Amino acid sequence: MLLGPGPRNKGFQDFVYKVFISPITMTAQEIRQRFLDFFASKHHKIVPSAPIVSKNDPTLMFTNAGMNQFKDFFLGNKTPDVRRVADTQKCLRVSGKHNDLEEVGRDGYHHTMFEMLGNWSFGDYFKEEAIGWAWELLTKEYGIDPGRLYVSIFAGDEAENLAVDEEAREIWKKWIPEDRILPFSKKDNFWEMGDTGPCGPCSEIHVDLRPESQRAEKDGRELVNADDPRVVEIWNLVFIQFNRKADGSLEELPAKHVDTGMGFERLTMALQGKHSNYETDIFQPFIRFIEQTSGKTYSNSYAPDAMTDIAMRVVCDHIRAVAFAIADGQLPSNTGAGYVIRRILRRAVRYYYSFLDIREPFLYRLIPLLSDAFGKVFPELKAQSSQVANIIQGEETSFLHTLENGLRRIDTLEPVNGEIRGEDAFELYDTYGFPIDLTRLIASEKGLTIDEPGFEKALAAQKARSRADAQKQVGDWVVVREGESNLFVGYDRLDVEKAHILKYRTVRVKNAEQYQVVLDVTPFYAQSGGQAGDTGTLKVGDDWLQVSDTVKENDLIIHIVDQLPEKPEAQVRASVERSRRQATAQNHSATHLMHAALHEVLGNHALQKGQDVDSERLRFDFSHFQKMTEEEIARVETMVNEKIRENIQLEEDRNVPIDEARESGAMMLFGEKYGEQVRVITFDRNFSRELCGGTHVPATGEIGLFKILSEGAVAAGIRRIEAVTAEKAQAYVDSELAELNEIRTLFKSPLHPAKNVAGLIEENKALRKEIEKLLAAQAGSLKDDLKAKIESVGGTNFLAAQVPLADSNALKSLAYQLEEEIGNAVIILGAVVGDKPQLLIAISKSLTESKGLHAGNMVRELARHIQGGGGGQPFFATAGGKDVSGLEKALAAAKGMVGN
């Protein structure tokens, strides 16, 4: 069915037609549910999406494919409970090889966050069933015209000694004419997890979305994998049958797996007869809301200069990524995954600020709409919608202020021949978060251009530094003993006498080597859930290996050691460092008591949002929308110490069915991926019960003492407490008491030290006021002397002089008084403040306009004489430096900057 011609859009045909490839009309939610129901009917277990933030995979910041949560099954590190599963997975692709962030909004198909529909077989069915079911779902359940479908297969690779995937071809011939089975190279049809690991040929299913008139002109098979926006891949069936080793060679896997992925947004676009993902009912409610709020109209244009439309697409895409990441526990920050989320959020703010004329926080207002749309499939967002909205609103408020500062910074730049320097454009990008296209737009409004090569050079240098910092070479695992057991017994014992090395490998990070060892059984707790990993020793034969850390790679427990043993096949004695484990357990158990106390004192909304627990201290993030009062902090601390003195015995229940744990009232945290069986930690059933995989004390009395060190904000709606326990808490209290006694000694009075300090502060205030009066009097006497030195330079009242003032505020006050009393003035003062040279420039505002004088630019130039730097506004600026002897040169040079 063809409906009407439309406007020409970039990437589409001259006339846009609405093409229905299926007679079945479905909403996006119906499309998703039909996929899950179909595979449930094929005896697949429907599993929930893993968090969008990757927790135990050091190779990933974010879940970027549906298979991420199943990597251990493919790698052979873990045996699946069931052999067939299906799901819809939240994915985020904004870093590494998938970094297309700057393309999002400019076309109809790039996204940051997207859903991946997938079905998996772990050593169960293979190509026959995967292909047959894919065809059945697309053509029967979704009703796609089979004549519009094409499939690709792996064409083989001589260099890899890999043959054409004839098995897939023969199976496809049962469903589709052979002339629509197209062989493609390794680039398109051989899937790999990474540089190493499981891999195999894949078979992609493509759909032709063009109207019949265009299909008659050109066969769709010529447009498969040709970047045509109307002949697109919708499903990739991966047949995992090889393992890629570090040396590049391939080996057959003992078990064959299936991993399929179908982009939900693209599938919906095809089934709903749209030309862009943003035209579907996944995004249209958000675009309509943005239209209503901004007063602007979405025209569905993909022209490069259609900035209103681009901005709307950016906003409705980015809010999904930001909201789901926060709901899964990743707060915006300045490092790691948090920095990526902050970048996405700020990009959305930049676009609505610049192109939708929205000048106040807006993204957070989309959260109710988002949580309603995804409440059934991803309930974690709806359950936390108010908190997520508050965090986003706080981030927006902060960045809008930074954005305005950046715009002011642009006003202070000194273009060279009408061009903004590349390093200045990079400063705006790196410090103020301005994308180059925003700087380019602002520059054009001012009649300026940008040194694009200079910007690209600075950007490339930054990326090169980042790559060098992140450089890591991981060797192949050397298998010592066959077997997949990687049993953790550290809840019950800290020593294992008869362990064995299963495998080891060498990892080179920044030209330094470290060694990683996997045991068949280990007492070492691996870093996870916010708890630090154990340290200790491995005695392998006659060799002693120091374990500096224990980490998880998915569910594989890896010991970081300082050397490899001479005889890796020898029996291993594994011993955890007891004192460190004990201190860590004390801190971890204290977080559980504190979490419960926060609920008692602040309310049930005070949920954990992150923790970092080691042997030195505990750090605990929780949701709360205001600073805790001193009384609230004291109540929490007192309650925890009361529970410590009660010496409550630990109740530990292992392998509890998840539903049973939930019904028992055990606290479950958003953003965590729980298995079918969980561990429940209880300290008094009426006080603290949580799902937890960490290590704990057998009774609360072993914590000894709990002391809060600080409470502060991490992000909007998120607070952080840092605290210490046991010996560290005692040491802190002893240190504070020692300092208090020292203050008493200084006052020579054992009583009322606080009263004595308060009196001293008041006395100091009074003395400072006296000093300020004396300085003002000194400045007043200087003022008349300085007025006598004023000369006429370039039509201005010009003064450049060094003054004997050692106070910055007095210097500033003197300059303002001189400028106000003289008028039409350029005042440049130098002084030595605290043994350091200072320069100050005050210019009458009328001169900044009539003569284009700029105090900030002038002071930066003059600061070179004193080996320093500075800046400021057109009418007032300051600079500091190191070389006092340069003040005279700086003041002498000032006259030439004003003119004759």
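Let me begin with pLDDT, which is the predictor's confidence in each residue, on a scale from 0 to 100. What we have here is a predicted model, in which local features need pLDDT of at least 70 and side-chain atom pairs count only at pLDDT 80 or more, while totals for chains, interfaces and linings use all residues. Residues are numbered from 1 along each chain as its sequence is written, and side-chain values use heavy atoms, with hydrogens and water left out.

The protein chain averages a pLDDT of 88, and 94% of the residues score at least 70. Over residues 1-17, however, pLDDT stays under 50, and for that stretch the model has 39 contacts (heavy atoms within 4.5 Å) beyond four places in sequence. Where pLDDT is low, the predicted coordinates should not be read in detail.

Turning to the sheet, 3 strands (DSSP runs of E, at least two residues, numbered from the N terminus) form an open, antiparallel arrangement in the order β25-β26-β27, where pairing requires that DSSP finds at least two bridges between two strands. The edge strands, each pairing on one side only, are β25 (651-657) and β27 (688-691). From one strand to the next the twist averages 20°, with axes being lines fitted to C-alpha atoms, for helices over the stretch in contact, and angles running from 0 to 180 degrees between N-to-C directions. Helix α17 (residues 578-602; helices are DSSP runs of H or I, at least four residues) packs on this sheet, touching β26 and β27, and its direction makes about 120° with that of β27. Between β25 and β26 (residues 677-683) there are 5 bridges in the antiparallel sense, and Asp-653 has Val-680 in β26 as its bridge partner.
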